[in-house]
Every structure is written in structure tokens, then in C-alpha cells.
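User: Could you take a close look at one part of this model for me? I would like to hear how its helices pack and what surrounds them.

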Amino acid sequence: MDRLRIELGDRSYPILIGPGLLDDAGLLGETVTARDVLVVSNTTVAPLYLGRLERGLAGKRVAAAILPDGEQYKTLETLARVFDALVERRMNRDACVVALGGGVVGDMAGFAAACYQRGVDYVQVPTTLLAQVDSSVGGKTGVNHPLGKNLIGAFHQPRAVISDTDTLRTLDPRELRAGLAEVIKYGLIADEPFLAWLEASLDALLALDPSALAHAIRRSCEVKAEI
């Protein structure tokens, strides 16, 4: 497992990168310290990974809010489902929201955590490469408005980011390439040697080599943190 720390004073947090992290109960217990946990996911990701995450959180009171999949559902109306789940299960300020999914899930779960009881902890568990290298890092959360994208939101840093590279094996090839395009942008923006490494390692990345993926994700997150 690779570990990168985002230094933000009392809001600092780790990014954990590697295969099999969803099956590491010790790691999940160390990262998600709350007793009451709400997992926010969607109809595509939940059937694949919710059960594994729940087993890793054994011993905690875990509930789930499963949202429809797609950017078109990144709205206040859909967000209300997350608030309903938190209220119905009487979760308090010591609860934790866990975002299991791509960027849309992460943005909405993080915004709900920023707002609920004026702010509770949340943990990002991104399951797309694009989310692992971009939207899960930096604390930008929010939803869209009919008149514009991401117009309603808040900055709310996660407690941790857990990037299990095994989740990329169920990713649509088009989505994988979209994530790689974002990785390449980091090389173009700030790191010519990284760009050269990406060119030489593209086949390994497309073949989902765990070591190559971990390096690409870590370096992308480092560049984003520097910016």
C-alpha cells in the first residue's frame, strides 16, 4: 500500500493507494473511526463493492443510501435522499459518511457531510480512475443547478481517501481512458519526467498493472496537492 499525506494543518488527511484495500478490515477500522456510518453509493457501484465495504466495517452500525447513477442526478433533489437516510437513522455529529463511487457520488456525499449537523466526517472511497486522481482530492463538494454546474457546494476536506486499485477492474474501458487523460494532464502541467514515464508505461496502465496504477495515482495526487 502506498500512503500520501495531504498537509493542511488540522485538516490534513492521508490518501491510501493499492489493491485489496476494501478487504482490509484493520485499515478501514483505523480510517473510519465512527460507530455510525452511512455509505453513499449508486446503483452501478453498490452491487459490486458495497458488500465488501460493509464486511470491512463489521462491528459498526452501517447504513446505505443508494442513489441513481449519472451526472443528471447530481441535484438537490437527489441529495435529499442522503439527508433523509442520516435523519431516519438518527445519526449524530460523531457519524461518518463514506462515499463509495465516482466523482458524482463523492461530490454529493461530501456536500451532505459538510451540511449535516453543520459538518460531520466523511471518507472518500473512489472507484473510478478519474475520481482517484481528481475529484476525491481537494475537498470540493457540491451539486448542480439547472442554470449551471457545481453552483451549490462547499469546501469540506475528507478524513481520508482510500483508492483501491482493484475497483478499476470493473471500469468501462472508455471511463478508464478518461481517467488516464486526466493523469496525462498532470504530466503536461507540472512534471515532464512523469509525462515521459506515462508514455513508456501506457500499456501497463491500460492492462491495470497495480504497481503502475499506484504510481500514476500517487503522482497525480501529489501534483494536485502542490497546485
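Analyst: Happy to help; here is a walk through one helix pair, a loop residue beside it in the account, and then another helix. Please keep in mind that this is a predicted model.

Let's start with the pair α3 (76–88) and α4, a helix of residues 103–115. Their axes lie 10 Å apart and the packing angle is about 55 degrees. Angles from 65 to 115 degrees would count as roughly perpendicular and those under 35 as roughly parallel, and α3 and α4 are therefore oblique to each other. As for handedness, α3 passes α4 in a right-handed crossing. On the α3 side the contact is made by T78, L79, V82 and F83, while α4 contributes M108, F111, A112 and C115. Sorted by character, the residues of this contact comprise seven nonpolar, one polar and no charged.

M108 also leads us to T75, which sits in the loop between β4 and α3. Leaving aside residues up to four places away in sequence, T75 touches M108, V143 and N144. For a sense of distance, P173 is 98 residues from T75 along the chain, and their C-alpha atoms are separated by 27 Å.

The strand β4 takes us on to helix α2, which spans residues 46–56. Its buried residues are A46, Y49, L50, R52, L53 and G56. These buried residues pack against β4 (61–67), and also against α1 (25–31), β3 (36–42), β5 (96–101) and β9 (160–164).

How values were computed: Residues are numbered from 1 along each chain as its sequence is written. This is a predicted model: local features need pLDDT of at least 70, side-chain atom pairs count only at pLDDT 80 or more; totals for chains, interfaces and linings use all residues. Side-chain values use heavy atoms; hydrogens and water are left out. Buried means under 20% relative accessible area, exposed over 50%, partly exposed in between (1.4 Å probe, protein chains only). Helices (H or I, at least four residues) and strands (E, at least two) are DSSP runs, numbered from the N terminus. Contact means heavy atoms within 4.5 Å. Axes are lines fitted to C-alpha atoms, for helices over the stretch in contact, and angles run from 0 to 180 degrees between N-to-C directions. Angles under 35 degrees count as roughly parallel, over 145 as roughly antiparallel, 65 to 115 as roughly perpendicular and the rest as oblique. A crossing is left-handed if the near helix is turned anticlockwise from the far one by less than a right angle, and right-handed if clockwise. Ala, Val, Leu, Ile, Met, Phe, Trp, Tyr, Cys and Pro count as nonpolar, Asp, Glu, Lys and Arg as charged, and the others, Gly among them, as polar.
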